[in-house]
Amino acid sequence: MNPSTRSWLLFPVLVLAALLVAWRADAPAEDGAGPSVLVLHSYAPDYSWTRDLHDGIVSVLQAPEVRGRYRVEYMDAKHHGSSAYLKQLLRLYREKYTRSRFDGIILTDDHALELVARYRDELFPKTPIVACGIGDINSIPVNARDMNIIIESLAHLETLGAALKQNPGARKIFVMIDGTLTGQTILRDLLKQTHAVAARVEVVPPMTREQLVEFARQRVPGELIYLLVYFQDAAGQVFTAEEIPRAIAAASSVPVYVAWDFQLNSGVVGGCVTSAFGHGRKAAQTLLERLAGKNPPATYSKLQGVNRHIYDYGALQRFAIPISVLPEDAVLLNRPLSYFEVHRSAILSALVVIAILGVIIMLLVQNVLKQRKINLGNAEIMDLNREMIETQTELLSTLGDVIETRSQDTANHVRRVAAYSALLGEKYGMSTEDIALLQAAAPMHDIGKIGIPDAILNKPGKLTAAEFEKIKHHTVIGQRILHTSDRKLMSSARAIALQHHERWDGTGYPCGLKGEEINLLARICALADVYDALSLGRVYKPAWPKEKVLRFIREERGRMFDPRIVDLFFENLDELEAIKLRLSDPVGPKEDEGISGPVHCPVREA
């Protein structure tokens, strides 16, 4: 199909889509749905202030209890302010909205307010309107009747007062602000608020970007900079909200304070900044109040919680400003997390195990003291050493019992797994020392379960995908817990805890190891664990019949299990069954009498 033919085929689809969008905009709210709202922004979405206002509005309209529908328009008045452009914009809005029905309108900043106030009877007659981010109460148009206006009230005096307290040697505060209409409105408010410190305040005349950077670079100790709006410089060049703050902060040799939260994260120190998000939320909440038949105030000039002291940790460090001089309710940005904050979950999980290991250490210390007292010859010393090893082995086995009991499995599970593993290790041809290590370390294979929440660990039935991902993490938790010593016993236990869910074919977790990449002790323990779990059941599944267990192990030869270990398993099945009988629980779990279904072996699947 050539491009021309494809374009003609797509054309009717695009037309249909446009008609559907137009129909949805004009359609009344669905039964049970929230209000239909038009959001008209003065500026483009590339301005942080506008984005934050919009996010605040949407956070209210999209709340589950509201479920509002909304349309969005951006006037882009910062970049396009000519009368010809505004006329074209007005024609567009007439075409789009004179036949549309909205439950309410939200306007942001002065340009949208001025346009809608002038043409509201033509565009949106009798529609409730709320405007936010308005610079000055005196700038409200006369014909903005029965609108609710939220004034952008800046905390200049609070910011400058905090700046002088944080820099006790400061003699002069240079105020940088552009020459736009918005800038002049903000400047008048600044001078009105700061008459008490007027002797220290000097307003810098509008400059080009290069002049501003050079001015900031020439500042000396004892001086501060208070940067307000600078969307357009003296040469007429237009900037995004972040450009000038970032350039001034990088060049300045003295602290730079600001008035809006969108100026933060640019290298400035901060201040008592106003939040566009808070203004947007208040506007949406006010509109909902009106739609509910309430009568909110016509104007809001001071919003509680919108202005907050926020400071950048890096900038404070750069200018040696101590955190102790910040206001009590100040918020710190970019503060490095402490080691505990980064590793909180792992540390808390490990503390429980550390307490248990503390008991082990205490017992071992007692054995050492006992060994020093008993000095009756080599035979006695050898007996004592053997006793210490047996104590370590028994304590590790007991700790394994604790973990299995927490997950509601039988206490003898870890002992059977250890005995099966020792027998298979012997048949494999391992040395006597390695067999002893395997038998002592095997009970620790599931120690990581101590870090898994009880609600997941003891949940009957299948897990969700998220729960399964959490329970898989017990292998890594176990490896971390046992990463306290490089002695053979702890090293062996660590390898088993981490790798006993790896599969021979490479599809296991957590590392996806394959074949002989998997530690031999872990490969043996994996088969022993599965055999016991399936034979005697778990909290989330009944025991399988013997024939079903053996069939599963045979089918997983070369997939889940090492083929050689599977062969040894069947060659010595009678001895393994004898171990199971000898270490069986008084009352075993009920067998699954041929029930078919997904395999939960031995850690459950999602």
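**Exercise 1. Helix 8**

Task: In this predicted model, determine which residues of helix 8 are buried and which elements they pack against.

Solution. Step 1: Locate helix 8, which covers residues 243–251. Step 2: Identify its buried residues, namely I244, P245, A247, I248, A249 and A251. Step 3: Follow the contacts of these buried residues to other elements. They pack against three strands and two helices by name: strand 6 (172–176), strand 8 (223–227) and strand 9 (256–258), together with helix 7 (209–217) and helix 10 (313–318).

**Exercise 2. The surroundings of S42**

Task: State where S42 lies, whether S42 is buried or exposed, and which residues S42 contacts beyond its neighbours in sequence.

Solution. Step 1: Place the residue. S42 belongs to the loop that runs between strand 1 (36–41) and helix 2 (48–61). Step 2: Compare its accessibility with the cut-off. Because buried means under 20% relative accessible area, S42, at 0%, is buried. Step 3: List the contacts. With neighbours within four places in sequence set aside, S42 is in contact with M75, D76, A77, T108, D109, D110, H111 and A112. Step 4: Examine one of these partners in detail. A polar atom of the S42 side chain lies 3.3 Å from the backbone oxygen of D109.

**Exercise 3. Backbone features at D109, N334 and P510**

Task: Describe the phi angles of D109 and N334, and find which peptide bond leading to P510 is cis.

Solution. Step 1: Begin with D109, a residue of helix 4. Its phi is near 70 degrees, a positive value in a residue other than glycine. D109 has a relative accessible area of 3%, so it counts as buried. Step 2: Turn to N334, whose phi is near 65 degrees, again positive in a residue other than glycine. N334 occupies the loop between strand 13 (331–333) and helix 11 (339–342). Step 3: Consider P510. The peptide bond from Y509 to P510 is cis, with omega near 10 degrees. P510 itself sits in the loop between helix 19 (488–499) and helix 20 (520–536).

**Exercise 4. The nonpolar cores**

Task: Find how many residues the largest nonpolar core has, and which residues F561 touches.

Solution. Step 1: The largest nonpolar core has 58 residues. Step 2: Those with the most contacts inside this core are L424, L527, Y531, F552, I553, F561 and F569. Step 3: Take F561 as an example. Residues up to four places away in sequence are not counted; F561 then touches W504, A526, L527, V530, F552, I553, E556 and V566. Step 4: Apart from the largest core lies another, of 49 residues, which includes V201, A259, A276 and A284.

**Exercise 5. The largest cavity**

Task: State how much space lies in the largest cavity and which helix gives the most to its lining.

Solution. Step 1: The structure holds five cavities of 30 Å³ or more. Step 2: The largest cavity contains about 190 Å³ of space. Step 3: Its lining consists of 17 residues, of which E152, T182, I186, V229 and W260 lie nearest the centre. Step 4: Helix 4 (109–123) and helix 6 (181–193) are the elements that give two or more residues to this lining. Helix 6 gives the most, with four residues.

**Exercise 6. The protein as a whole**

Task: Summarise the secondary structure, burial and exposed area of the protein.

Solution. Step 1: The protein has 23 helices and 13 strands. Step 2: Of its 606 residues, 49% count as buried. Step 3: The protein exposes about 29,800 Å², and carbon and sulfur atoms supply 56% of this area.

Key. Residues are numbered from 1 along each chain as its sequence is written. This is a predicted model: local features need pLDDT of at least 70, side-chain atom pairs count only at pLDDT 80 or more; totals for chains, interfaces and linings use all residues. Side-chain values use heavy atoms; hydrogens and water are left out. Buried means under 20% relative accessible area, exposed over 50%, partly exposed in between (1.4 Å probe, protein chains only). A polar contact is a pair of N or O atoms within 3.5 Å; within protein, one must be able to donate a hydrogen and the other to accept it, and residues adjacent in sequence count only if both atoms are side-chain atoms. Contact means heavy atoms within 4.5 Å. Accessible areas come from the Shrake-Rupley method with a 1.4 Å probe; for residues, only the protein chains shown count as cover. A nonpolar core is a set of buried Ala, Val, Leu, Ile, Met, Phe, Trp, Tyr and Cys residues joined through side-chain atoms within 4.5 Å. On a 1 Å grid over the protein atoms alone, a cavity is a set of points where a 1.4 Å probe fits but cannot get out, and a pocket is an open set with protein on both sides within 12 Å along at least five of seven lines; lining residues have an atom within 4 Å of a point. Grid points are joined across faces, edges and corners, and a volume is the space filled by probe spheres set on the points.
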